[in-house]
Amino acid sequence: MKTRWPVILFLSLSMFVILPPSTAWSQSQSEMNEMAQVSLEKADKRLNAVYQKLLSKRAGEKVFCDTLRMAQRAWLKFVDLHMQSVFPLSENENPHQVHGSMYPLDYAEEKRTLVEERTRQLESLLNRAQ
């Protein structure tokens with residue numbers, strides 16, 4: 001039994017060398033919420049840039065651009081409704097009380113996933129454009 005203690009101690013201490021203190025498990029909830037929000041904002045900016053590039057590249061195609069604008073408005077409505085279905089709230093309910101302290105993190109990550117998927121869809125259209 002005495003020979004195992006040095007091994008256990010070594011393995012326990014080596015974890016701090018392998019995993020730097022800046023890893024997610026050592027952050028506060030508010031720091032993780034903030035990082036998730038920043039990540040969402042970055043993904044949203046990328047989506048908007050791809051959307052504008054696609055509109056610009058296909059500017060001479062009125063039907064395409066009009067349809068794309070309608071599709072984007074419909075997608076934005078879908079995102080709102082999807083987020084409401086994932087995080088349902090009754091009128092006057094506090095989302096933090098209903099969904100817990102991780103609500104801002106979970107919300108931002110769910111929405112970021114949708115934004116990144118839409119960005120890939122628009123990039124696919126952009127790559128098809130001649």
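**Figure 1. Surroundings of L68 in helix α3 of the predicted model**. Leaving out residues up to four places away in sequence, L68 touches Y51, L54 and L55, and it also touches R118, L122 and L125. The residue is found in helix α3, and with a relative accessible area of 4% it is buried, because buried means under 20%. L55 lies 13 residues from L68 along the chain, and the C-alpha atoms of L68 and L55 are separated by 8.1 Å. L68 is listed among the residues of α3 that make the contact with α5, and it is also one of the α3 residues met by α2.

**Figure 2. Packing of helix α2 against helix α3**. The two helices, α2 (residues 29–57) and α3 (residues 62–86), pack at an angle of about 160°, with their axes 10 Å apart. Because angles over 145 degrees count as roughly antiparallel, α2 and α3 are roughly antiparallel to each other. Their crossing is left-handed. From α2, the residues L47, Y51, L54 and L55 take part, and they meet F64, C65, L68, R69, Q72 and W75 in α3. Divided by class, the residues of this contact are eight nonpolar, one polar and one charged.

**Figure 3. Packing of helix α3 against helix α5**. The axes of α3 and α5 (residues 103–128) come within 11 Å and cross at roughly 160°, and the two helices are therefore roughly antiparallel to each other. The crossing of α3 and α5 is right-handed. On the side of α3 the contact is made by L68, A71, Q72, W75, F78, V79, H82, M83 and V86, and on the side of α5 by Y107, E110, K111, L114, V115, R118, L122 and L125. By class, this contact of α3 with α5 has 12 nonpolar, two polar and three charged residues. Among the residues named here, L68, Q72 and W75 of α3 are also listed in the contact of α3 with α2.

**Figure 4. Packing of helix α2 against helix α5**. Here the helices pack at an angle of about 20°, with their axes 9 Å apart. Because the angle is under 35 degrees, α2 is roughly parallel to α5. The crossing of α2 and α5 is left-handed. The contact of α2 with α5 has, by class, 15 nonpolar, five polar and 10 charged residues.

**Figure 5. Surroundings of R46 in helix α2**. Leaving aside its neighbours within four places in sequence, R46 is in contact with T119 and E123. R46 has a relative accessible area of 46% and is partly exposed. R46 and V115 are 69 residues apart in sequence, yet their C-alpha atoms are 9.0 Å apart in space. V115 is itself one of the α5 residues that make the contact with α3.

**Figure 6. Surroundings of Y107 in helix α5**. Not counting residues up to four places away in sequence, Y107 touches M83 and F87, and both Y107 and M83 are listed in the contact between α3 and α5. With a relative accessible area of 27%, Y107 is partly exposed. N33 is 74 residues from Y107 along the chain, and the C-alpha atoms of these two residues are separated by 9.3 Å.

**Figure 7. The loop residue N92 and its positive phi**. N92 is placed in the loop between α3 and α4 (95–99). Its phi is near 70°, a positive value in a residue other than glycine. Most residues other than glycine have a negative phi. At 77% relative accessibility N92 counts as exposed, because exposed means over 50%.

**Figure 8. The whole protein, with its helices and model confidence**. The protein has five helices and zero strands, and read along the sequence it follows the pattern α-α-α-α-α. Of its 130 residues, 25% are buried. Among the contacts with a separation of 6 or more, 69% are accounted for by residues 24 or more positions apart. The predicted model averages a pLDDT of 88, and 79% of the residues score at least 70. Confidence is lowest in helix α1 (residues 4–18), at a mean of 61, and highest in helix α3, at 98.

Terms used: Residues numbered from 1 in each chain as written. Predicted model: local features only at pLDDT ≥ 70, side-chain atom pairs only at ≥ 80, totals over all residues. Heavy atoms only, no water. pLDDT = per-residue confidence, 0-100. Axes fitted to C-alpha atoms, helices over the stretch in contact; angles between N-to-C directions. Parallel < 35°, antiparallel > 145°, perpendicular 65-115°, else oblique. Left-handed = near helix turned anticlockwise from the far one by under 90°. Contact = heavy atoms within 4.5 Å. Nonpolar A, V, L, I, M, F, W, Y, C, P; charged D, E, K, R; others polar. Buried < 20%, exposed > 50% of the residue type's maximum accessible area, 1.4 Å probe, protein only.
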